[in-house]
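Me: I am new to this model, and I would like you to take a close look at one single part of it. Please set that part in its surroundings first, and then go through it carefully.

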Amino acid sequence: MKNKQSFSTNKLITFLLVVLLLGTFLSLGNLFLNKTNPQTLINPDGKTLLQQITNQNISPTPTPSPTPIEYHFDKTTDLKQEIETINPEVKNSDFDNLNKITNQF
Amino acid sequence: MRKVFLILLILTSLLIGPSVYARTTPEDIQNQTRFNFENNLSKIEDPKKKQLILSADQQLKNINQTVCNRLELDINKLSAIFEELKSRENVTNTIVAYGQGSTPLDTAAYYLNYAAEALAYQRAQDYTPAIGGGNLKSAINYSSNNLKSNLGTLQNKILRAKSEVKKAINAYEK
């Protein structure tokens, strides 16, 4: 009986050791990943690698949102007519400047 | 023996705990893409090419934001029309699940929300060109085509919302 108990205890300890070992590997892997995270690669002067190369500050949000236009309609508004004025479209001309740049390669 | 168990258990939870919470988020992927871009950019020796890539990268962001701003105005107007229609019909609530509204107003509400969410998602997309492959032009073209296609999808979602609001108007305003 005592032998059986000690056998199962040994198995439990082995299992826990394996889990511990796995945990160590995972944690080390996690540490390694964090080291390669670009956010940690910001230099002491506060500039990212890209800013150092180009020596300019690049804003992550270049185009500010326009002031939202609020539409107000009342009972006199012809809704059928109003809805016809909505034409969502992606124009080819939106890409003109980008195409000009691409053509320079 | 119990003490050994306890110590092992505490150590295990200490080590595994942080690993479980360290999941890859969209922000991580975006940061990694940006890091790769910066890294590959530093390897390009020709300053003219480097500048062109930076300009193209900036343009990709600008196009996305500019078109999203324009499409947002369309959604705003569509929402205002929808709200006016609701007030004319004295409807205060719209109940809808998985696009199956019981009234045209419910269905219109669903597709309007769908379009607005798609717009918010599109605004947050990143089109940093993957310049690691060597062919810079095709990397930029790939990002550009991807952006164009995604904006086209968003446009179609707004058109669907417009069509549903139109159906609701036609159903109520006779």
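Reply:
**One helix and its surroundings**

Chain A has four helices and zero strands, where helices (H or I, at least four residues) and strands (E, at least two) are DSSP runs numbered from the N terminus, and its pattern along the sequence is α-α-α-α. This is a predicted model, in which local features need pLDDT of at least 70 and side-chain atom pairs count only at pLDDT 80 or more, while totals for chains, interfaces and linings use all residues. Residues are numbered from 1 along each chain as its sequence is written, and chains are lettered from A and ligands numbered from 1 in the order in which they are written.

Chain B contains five helices and zero strands, running α-α-α-α-α from the N terminus on. The part chosen here is helix 4 of chain B, which covers residues 104–123. Its 20 residues should span 28 Å at 1.5 Å a residue, and the end C-alpha atoms lie 29 Å apart, so the two values agree; the expected span is 1.5 Å times one less than the number of residues.

Which residues of helix 4 of chain B are buried? They are B:L105, B:A108, B:A109, B:Y110, B:Y111, B:L112, B:A115 and B:A118, a residue being buried if 20 or more other C-beta atoms, placed from the backbone, lie within 10 Å of its own, exposed if 12 or fewer, and partly exposed in between. These buried residues pack against helix 3 and helix 5 of chain B. B:N113 also has its place in helix 4 of chain B, but this residue counts as partly exposed because 14 other C-beta atoms lie within 10 Å. The C-alpha atom of B:N113 is 9.9 Å from that of B:I158, although 45 residues separate the two along the chain.

Two of the buried residues lead on to the largest nonpolar core, which has 39 residues and in which B:A108, B:L112 and B:V165 have the most contacts. Each of these elements supplies at least two residues of this core: helix 3 and helix 4 of chain A, and helix 2, helix 3, helix 4 and helix 5 of chain B. Such a core is a set of buried Ala, Val, Leu, Ile, Met, Phe, Trp, Tyr and Cys residues joined through C-beta atoms within 7 Å. Apart from neighbours within four places in sequence, B:V165 is in contact (C-beta atoms, placed from the backbone, within 7 Å) with A:I83, B:L78, B:I81, B:F82, B:A108 and B:L112.

Helix 3 of chain B, one of the packing partners, has 42 residues and reaches 62 Å from its first C-alpha to its last, close to the 62 Å expected. For the whole of chain B, 27% of the 174 residues count as buried, whereas buried residues make up 9% of the 105 residues in chain A.

How far to trust these details is a matter of pLDDT, the predictor's confidence in each residue, from 0 to 100. Chain B averages 85, with 84% of its residues scoring at least 70, and among its elements helix 5 has the highest mean, 93, and helix 1 the lowest, 64. Chain A has a mean of 71, and 56% of its residues reach 70 or more. Over residues 55–63 of chain A the pLDDT is below 50. Where pLDDT is low, the predicted coordinates should not be read in detail. The model as a whole scores ipTM 0.73 and pTM 0.67.

Key: Contact = placed C-beta atoms within 7 Å.
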